[in-house]
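Here are a few friendly notes to read alongside the model. They go point by point, so feel free to keep the viewer open.

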Amino acid sequence: MAHAGTSAICAAIRARVLLEFEYEGLRRVVAPYCHGETRSGEALRAIQVAGESRSRGFGFGKLWIVERMRGLQATSQSFAPDDPSYNPNDNAMISIHCRI
């Protein structure tokens, strides 16, 4: 079943705006690319562009598990999808709800 954040995530992908949320206790700002279901549950493929990261994982697509996100909200900051590594047929996704 889709999480309450599904519509907010897909709206942000369609509008090309950054999302902000807390994940594992750290504030994240990401450019959303693909949202769907993985073996681990509902997930978002996104590139972290600001905020905090333990792994310094900026600038490449990472999978974020939606149920671990807290305080999910769209920002007013737009982005231009320009990740050369982005695959719209993300093989981590069992099914895709929305994507760039």
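Which residue of β2 does Tyr23 stand opposite? Please keep in mind that this is a predicted model.

1. The answer first: Tyr23 faces Leu26 in β2. The two strands involved, β1 and β2, make a hairpin with two residues between them. In that turn, Glu24 has a positive phi of about 50°, which may be worth a look on your Ramachandran plot. Beyond the turn, β1 and β2 run antiparallel and are joined by five bridges.

2. β1 has a second neighbour. It pairs with β5, again in the antiparallel sense and over five bridges. One place to see this is Leu19, whose bridge partner in β5 is Ala74. As for solvent, β1 is mostly covered, with six of its seven residues buried.

3. Now to the rings. The whole structure holds five aromatic pairs. In one of them, the ring centres of Tyr23 and Trp64 are 5.0 Å apart and the planes stand at 90°; an angle over 60 degrees counts as edge-to-face, so this pair is edge-to-face. Tyr23 belongs to strand β1 (residues 17-23) and Trp64 to strand β4 (residues 61-65), so the contact ties together parts that are 41 residues apart in sequence. Both Tyr23 and Trp64 are buried. Phe21 joins these two residues, and Phe21, Tyr23 and Trp64 form one aromatic cluster.

4. A tilted pair makes a nice contrast of geometry to inspect. Tyr33 and Tyr86 sit 5.0 Å centre to centre, with 55° between the planes. Tyr33 comes from strand β2 (residues 26-38), while Tyr86 comes from the loop between β5 (69-78) and β6 (95-99), so this pair ties together parts that are 53 residues apart in sequence. Both Tyr33 and Tyr86 are buried.

5. How many salt bridges does a search of the whole structure find? There are two. In one, the side chains of Glu20 and Arg27 meet at 2.6 Å, N to O. Arg27 is partly exposed, its relative accessible area being 39%.

6. The other salt bridge links the side chains of Asp90 and Arg45, at 2.6 Å, N to O. Asp90 is in the loop between β5 and β6, and Arg45 is in strand β3 (residues 41-51), so the pair ties together parts that are 45 residues apart in sequence. Are the two partners buried or exposed? Asp90 has 7% relative accessibility and counts as buried. Arg45 is buried as well, with a relative accessible area of 18%; the cut-off for buried is under 20%.

7. Finally, the nonpolar packing. The largest nonpolar core has 17 residues, and the members that touch the most others are Val30, Leu44, Trp64 and Met69. The elements giving two or more residues to this core are α1 (5-15), β1, β3 and β4. Trp64 therefore turns up in two of these points, as a partner of Tyr23 in the edge-to-face pair and as a member of this core. A second, separate core has nine residues, among them Val29, Tyr33, Cys34 and Phe79. Tyr33 is thus part of that second core and of the tilted pair with Tyr86.

Technical notes. Residues are numbered from 1 along each chain as its sequence is written. This is a predicted model: local features need pLDDT of at least 70, side-chain atom pairs count only at pLDDT 80 or more; totals for chains, interfaces and linings use all residues. Side-chain values use heavy atoms; hydrogens and water are left out. Rings of Phe, Tyr and Trp (its six-membered ring) pair if their centres lie within 6.5 Å; planes under 30 degrees apart count as stacked, over 60 as edge-to-face and the rest as tilted. Helices (H or I, at least four residues) and strands (E, at least two) are DSSP runs, numbered from the N terminus. Buried means under 20% relative accessible area, exposed over 50%, partly exposed in between (1.4 Å probe, protein chains only). A salt bridge is a side-chain nitrogen of Lys or Arg within 4 Å of a carboxyl oxygen of Asp or Glu. Two strands pair if DSSP finds at least two bridges between them. A nonpolar core is a set of buried Ala, Val, Leu, Ile, Met, Phe, Trp, Tyr and Cys residues joined through side-chain atoms within 4.5 Å.
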